[in-house]
Structure formats: structure tokens, C-alpha cells
Amino acid sequence: MVTNDLIRKDFGIMMNLIKRQCAKLEHCDTKCPITPKQGVILGFISKQIGAGNDVFQKDIEKEFNLRRSTASEILALMEKNNIIKREQLNNDARMKKIVLDSKAVQILQQIKKDSDTITDLAFEGISESEKEQLEKILQKVISNLEDK
């Protein structure tokens with residue numbers, strides 16, 4: 001029987017192992033001014049811009065279920081580190097569109113490479129149907145936790 005304690009323990013072990021694999025990557029000793037959360041947000045911004053959409057802080061809040069203050073802090077740090085810029089719209093000075101800075105492209109390439117490496121390793125020997133099942137379970141867990 002799978003208990004809550006076992007799930008928590010296994011989840012913790014998995015997170016530690018992912019961190020260890022990240023540390024083994026070639027560039028781990030270089031200073032990258034980005035956290036894993038910022039990396040996911042950066043990927044979202046890039047994907048939206050690539051699809052021709054403008055991106056605003058409210059979009060990040062909604063996509064990642066973040067409070068306004070949390071999203072603001074994350075974006076401020078990314079802006080300070082020259083990863084993004086926030087530009088005012090001509091027709092509404094309150095709205096600031098998020099755009100990628102030149103440093104973002106290099107960071108995104110490294111994140112993609114590292115993410116693919118770790119994902120390939122983590123899912124070695126796991127079938128497509130098992131991956132689909134895992135995704136469904138994770139979506140249910142997220143749904144259970146949202147707004148409760």
C-alpha cells in the first residue's frame with residue numbers, strides 16, 4: 001500500500017536527485033543569474049512571444065498561479081539581471097509588456113539543453129502510456145491544490 005509518507009519521501013528523493021543531476025552538468029560552476037522558477041517563466045515568455053503574443057505580468061501570475069507580489073519580485077530580479085525588459089505601452093502607461101533581453105536567448109538555449117538531458121535520463125525505460133498517466137495524475141494533483 002502506498003502511503004502519504006512514502007509519496008512525500010519519494011518526491012523529496014526525486015527532487016534531490018534532479019538537483020544532483022543538474023550539478024553534474026558542464027556549466028554548473030558558471031554563474032547563471034537565474035533560478036529554476038525563473039527558467040520556467042522565461043520559457044513561457046519566449047514561447048508566447050514566439051507565437052506573436054504580448055506578455056504581461058498578469059499572464060505570468062495566471063499561468064503559474066502566482067500572487068502579484070511574487071510575480072513582481074521574480075520579474076524585477078530578471079530585469080535587474082538583464083534577462084527581460086518591461087516596456088510601457090503607448091496607449092496605457094500602467095501596462096508594461098515583457099520582452100526578452102539579449103542575455104535571455106543564451107540562457108534559454110542552455111536551459112533547453114539541460115532540461116532535455118535530465119528529462120531523457122529521468123524517463124529512460126518509461127513508456128509513452130506511463131508518461132501520459134503520470135501527466136494526468138500530476139494535473140489532478142495540481143487541480144486538487146489550486147484555490148483551496
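**Close-up views of a predicted model**

**View A. Gln48 and its surroundings in helix α2.** Gln48 is partly exposed, with a relative accessible area of 24%. The term covers values between buried (under 20%) and exposed (over 50%), with a 1.4 Å probe and protein chains only as cover. The structure is a predicted model, in which local features need pLDDT of at least 70, side-chain atom pairs count only at pLDDT 80 or more, and totals for chains, interfaces and linings use all residues. Residues are numbered from 1 along each chain as its sequence is written, and side-chain values use heavy atoms, with hydrogens and water left out. Gln48 belongs to helix α2. Helices (H or I, at least four residues) and strands (E, at least two) are DSSP runs, numbered from the N terminus. Setting aside neighbours within four places in sequence, Gln48 contacts Asn53 and Val55. Contact means heavy atoms within 4.5 Å. Thr3 is 45 residues away from Gln48 along the chain. The C-alpha atoms of these two residues are separated by 39 Å.

**View B. The whole chain, for orientation.** The protein has 6 helices and 2 strands. In sequence order they follow the pattern α-α-α-α-β-β-α-α. The C-alpha trace spans about 60 × 40 × 25 Å along its principal axes. The chain has 148 residues, and 20% of them count as buried. The exposed surface comes to about 11400 Å². Carbon and sulfur atoms supply 53% of that area. Accessible areas come from the Shrake-Rupley method with a 1.4 Å probe; for residues, only the protein chains shown count as cover. Among contacts with a separation of 6 or more, 49% join residues 24 or more positions apart.

**View C. The aromatic pair Phe44 and Phe64.** The count of aromatic pairs in the model is 1. That pair is Phe44 with Phe64, set edge-to-face. The ring centres are 5.6 Å apart, and the planes meet at 85 degrees. Phe44 lies in helix α2 (residues 36-50) and Phe64 in helix α3 (residues 57-64), so the pair ties together parts that are 20 residues apart in sequence. Phe44 is buried, and Phe64 is buried too. Rings of Phe, Tyr and Trp (its six-membered ring) pair if their centres lie within 6.5 Å; planes under 30 degrees apart are stacked, over 60 edge-to-face, and the rest tilted.

**View D. The hairpin of β1 and β2.** Strand β1 covers residues 84-89, and strand β2 covers residues 92-100. The two strands run antiparallel and are joined by 6 bridges. Pairing requires at least two DSSP bridges between strands. Between β1 and β2 there are 2 residues, and the strands form a hairpin. Arg86 stands opposite Ile98 in β2. Leu89 stands opposite Asp92, also in β2.

**View E. A nonpolar surface patch that includes Ile18.** Four side chains build the patch: Phe11, Met14, Met15 and Ile18. Together they have about 350 Å² of accessible area. Ile18 sits in helix α1 (residues 4-24). Its relative accessible area is 32%, so Ile18 is partly exposed. Patch members have over 30% relative accessible area and no salt bridge; nonpolar side chains (Val, Leu, Ile, Met, Phe, Trp, Tyr) are joined within 5 Å, like charges within 9 Å. A salt bridge is a side-chain nitrogen of Lys or Arg within 4 Å of a carboxyl oxygen of Asp or Glu.

**View F. Two asparagines with positive phi, Asn65 and Asn82.** Phi of Asn65 is near 55 degrees, positive in a residue other than glycine. Asn65 is in the loop between α3 and α4 (68-80). At 48% relative accessibility, Asn65 is partly exposed. Asn82 also has a positive phi, near 60 degrees. The loop between α4 and β1 holds Asn82. Asn82 is partly exposed, at 45% relative accessibility.

**View G. Lys24 in helix α1.** Lys24 is part of helix α1. It counts as exposed, at 63% relative accessibility. Lys24 and Asp101 are 77 residues apart in sequence. In space, 28 Å separates the two, C-alpha to C-alpha.
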